[in-house]
Amino acid sequence: MVSLILSAVLPTLRPPPCPTQENCRQASTSQLGVLYISLLLTSLGSGGIRPNVVTFGADQFDMAKSKVAARKWNYFNWYYFSMGMATLTAVTVVVYIQDNVGWGWGLGIPTAAMALSIVAFMIGSPLYNKLEPAGSPLVRVAQVVVAAVKKRKAVLPADPSLLYENKELDAAISCKGRLLHTNQFTWLDKAAVVTDGEATESDQPNLWRIATVHRVEELKSIVRMLPIWAAGILLVTSSSHQHSFTIQQARTMDRHLSSSFAIPPASLSIFSILTTLIGLLLYERLFMPFARRFTKNPSGITCLQRMGVGFTVNIVATVVSSIVEIKRKAVAADRNLLDSPKAIIPISVFWLVPQFCLHGVAEVFMSVGHLEFLYDQSPESMRSTAAALYWIAIAGGNYLGTLLVSLVHKYSGEKRNWLPDKNLNRGRLECYYWLVSGIQVVNLIYYVICAWFYTYKPLEEVEERSREGDVELATD
């Protein structure tokens, strides 16, 4: 962030101002280099913070099923609400400062806020509940795969209780309970087969030759999650047009609230953010208690059900986007404005608001449900990795959206290109929206099949029963 501020403030790190927007001097290679390095550092910082902050925050609470059931609030709803408030502040207050005061202040204020947050984090560090590191989970995954390959010819015992277990060895990675054996992906169970000659009585066996049941089930849990996780990528792909085509549409529509004030096209995303924030409050205070009466589920509905609702709402949002584009072009045709790409079509920009609101509702269900699912179903020692998968799905969805737009633009013809470069009025954007809707329907069918056959991880929870330290093993 400091390097971004310098690139915006120091004259030597940016091209000179160009008020006329004509014959402007382009940024030099060194200036672009500083900018790209600054953005790269920002991306690396975000990649380190985002997957860990959600899991670190959850570690401050007892996330056992019995404790979650006793609470009347959902941690992930409030985490996402906080993220939404930060985003709303960024697209309103920070953008206003950047446009009306200057980029130095616009970047400097968030940098100062981040510095204060670091100071607050360091001061509160002794009070936090911190889990001790227990080695790389990726190494444990590799050890299970290698051990299973080495024992690929081994015969699995008929009784799973004969597979190798070591509570002391797994203690550091199973503080909340050990994973129990499942009958899926039994080929991986060969990693836990005890063969003749192995020193299994040792506290530190060769983990590249033998793995405990808990470690095998860690890998199984990740493998089971991947199909559900992959389904979330296309939701991001279908929503990526909110930051591109809807802005182009808004520029051609009547954006005036009064004779002197017009809504900036990029500010329409505020409606999606506000809908998400309001939706999270209503979900927490109204929907969860109402659904709990019928389902007896502490969360109202399961994470998989919540994601399914989000997928469905997002399909509706994309269909609405297509209908609005048909309406916009019809008005342009009535006023003979199809060949005037810079003309303002006499149709209110608020026609675009419903699709933004529907995308906000879809986020309430899908995005929060997706994040909660990855946290809840991932192994205890791999929750940061699972949270990283959430952000990888977002990045992958955006890249896939860019690829889809490029392919549609390339292969949809030259005369009636669906996504033309200059005149959106002569394009067929509604066909692109129908295409995205169809892809989402296929994705929803795929998701329903995956969710139907999904097996929740079996966990042997340790529950405190008395102050004297009695414990009870409860299978989740």
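**Exercise 1. Thr-182 and its surroundings**

Which residues does Thr-182 touch, not counting residues up to four places away in sequence? Place Thr-182 in the chain and decide whether it is buried or exposed.

Solution. The model is a predicted one.
- Step 1: Thr-182 sits in the loop between β1 and α8.
- Step 2: beyond the excluded neighbours, Thr-182 touches Asp-189, Glu-217, Lys-220, Arg-224 and Pro-458.
- Step 3: Thr-182 has a relative accessible area of 8%. Buried means under 20%, so Thr-182 is buried.
- Step 4: for a distance to Leu-226, which is 44 residues away along the chain, take the C-alpha atoms; they are separated by 17 Å.

**Exercise 2. Positive phi outside glycine**

Find where Phe-185 and Lys-296 lie, and state how accessible each is. What phi does Asn-336 take?

Solution.
- Step 1: Phe-185 belongs to the loop that runs between β1 (177-179) and α8 (213-239). Its phi is near 50°, positive in a residue other than glycine.
- Step 2: the relative accessibility of Phe-185 is 37%. The partly exposed class lies between 20% and 50%, so Phe-185 counts as partly exposed.
- Step 3: Lys-296 is in the loop between α10 (269-295) and α11. Lys-296 is not a glycine either, and its phi is positive at about 60°.
- Step 4: Lys-296 has a relative accessible area of 67%. Exposed means over 50%, so Lys-296 is exposed.
- Step 5: Asn-336 comes just after α11 and takes a positive phi of about 55°.

**Exercise 3. The span of helix α11**

Compare the end-to-end reach of α11 with the expected value, then describe Thr-312, a residue within this helix.

Solution.
- Step 1: α11 covers residues 303-334, which is 32 residues.
- Step 2: the expected span is 1.5 Å times one less than the number of residues, which gives 46 Å for α11.
- Step 3: from first C-alpha to last, α11 reaches 47 Å, close to that expectation.
- Step 4: Thr-312 lies in α11 and, at 39% relative accessibility, is partly exposed.
- Step 5: Thr-312 is 133 residues from Leu-179 in sequence, and their C-alpha atoms are 33 Å apart in space.

**Exercise 4. Two residues of helix α12**

Which residues are in contact with Met-366, and which with Glu-372, leaving aside neighbours within four places in sequence?

Solution.
- Step 1: Met-366 is placed in α12, residues 353-377, and Glu-372 is in α12 as well.
- Step 2: Met-366 is in contact with Gly-232, Leu-235, Arg-306, Met-307, Gly-310 and Phe-311. Its C-alpha is separated by 7.2 Å from that of Gly-308, 58 residues away along the chain.
- Step 3: Met-366 is buried, with a relative accessible area of 1%.
- Step 4: the contacts of Glu-372 are Asn-74, Phe-76, Ser-299, Cys-303 and Arg-306.
- Step 5: Glu-372 counts as buried too, at 11% relative accessibility.
- Step 6: put the two lists side by side; Arg-306 appears in both.

**Exercise 5. Cysteines**

How many disulfides does a search of the whole structure find? Test Cys-303 as a candidate.

Solution.
- Step 1: the search finds 0 disulfides.
- Step 2: the cysteine sulfur closest to that of Cys-303 belongs to Cys-450, 16 Å away. A disulfide needs the two sulfur atoms within 2.5 Å, so this pair is too far apart for a bond.
- Step 3: Cys-303 counts as buried at 14% relative accessibility, and Cys-431 counts as buried at 15%.

**Exercise 6. A residue of α4, and the chain as a whole**

Place Ser-82, then collect the overall values for the chain.

Solution.
- Step 1: Ser-82 is in α4, residues 75-100, and is partly exposed, with a relative accessible area of 45%.
- Step 2: Ser-82 and Leu-277 are 195 residues apart in sequence, while their C-alpha atoms are 8.8 Å apart.
- Step 3: of contacts between residues at least 6 apart in sequence, 76% join residues at least 24 apart.
- Step 4: the chain has 14 helices and 5 strands, and 42% of its 476 residues count as buried.
- Step 5: the C-alpha atoms fill a box of roughly 85 × 50 × 45 Å along the principal axes.
- Step 6: about 26,000 Å² is exposed, with 64% supplied by carbon and sulfur atoms.
- Step 7: there are 43 positive and 36 negative side chains, and the centres of these sets lie 9 Å apart.

Note on methods: Residues numbered from 1 in each chain as written. Predicted model: local features only at pLDDT ≥ 70, side-chain atom pairs only at ≥ 80, totals over all residues. Heavy atoms only, no water. Helix = DSSP H or I, 4+ residues; strand = E, 2+ residues; numbered from the N terminus. Buried < 20%, exposed > 50% of the residue type's maximum accessible area, 1.4 Å probe, protein only. Contact = heavy atoms within 4.5 Å. Areas by Shrake-Rupley, 256 points an atom, 1.4 Å probe, with all protein chains shown as cover. Lys, Arg positive; Asp, Glu negative; His and termini not counted. Charge placed at Lys NZ, Arg CZ, Asp CG, Glu CD.
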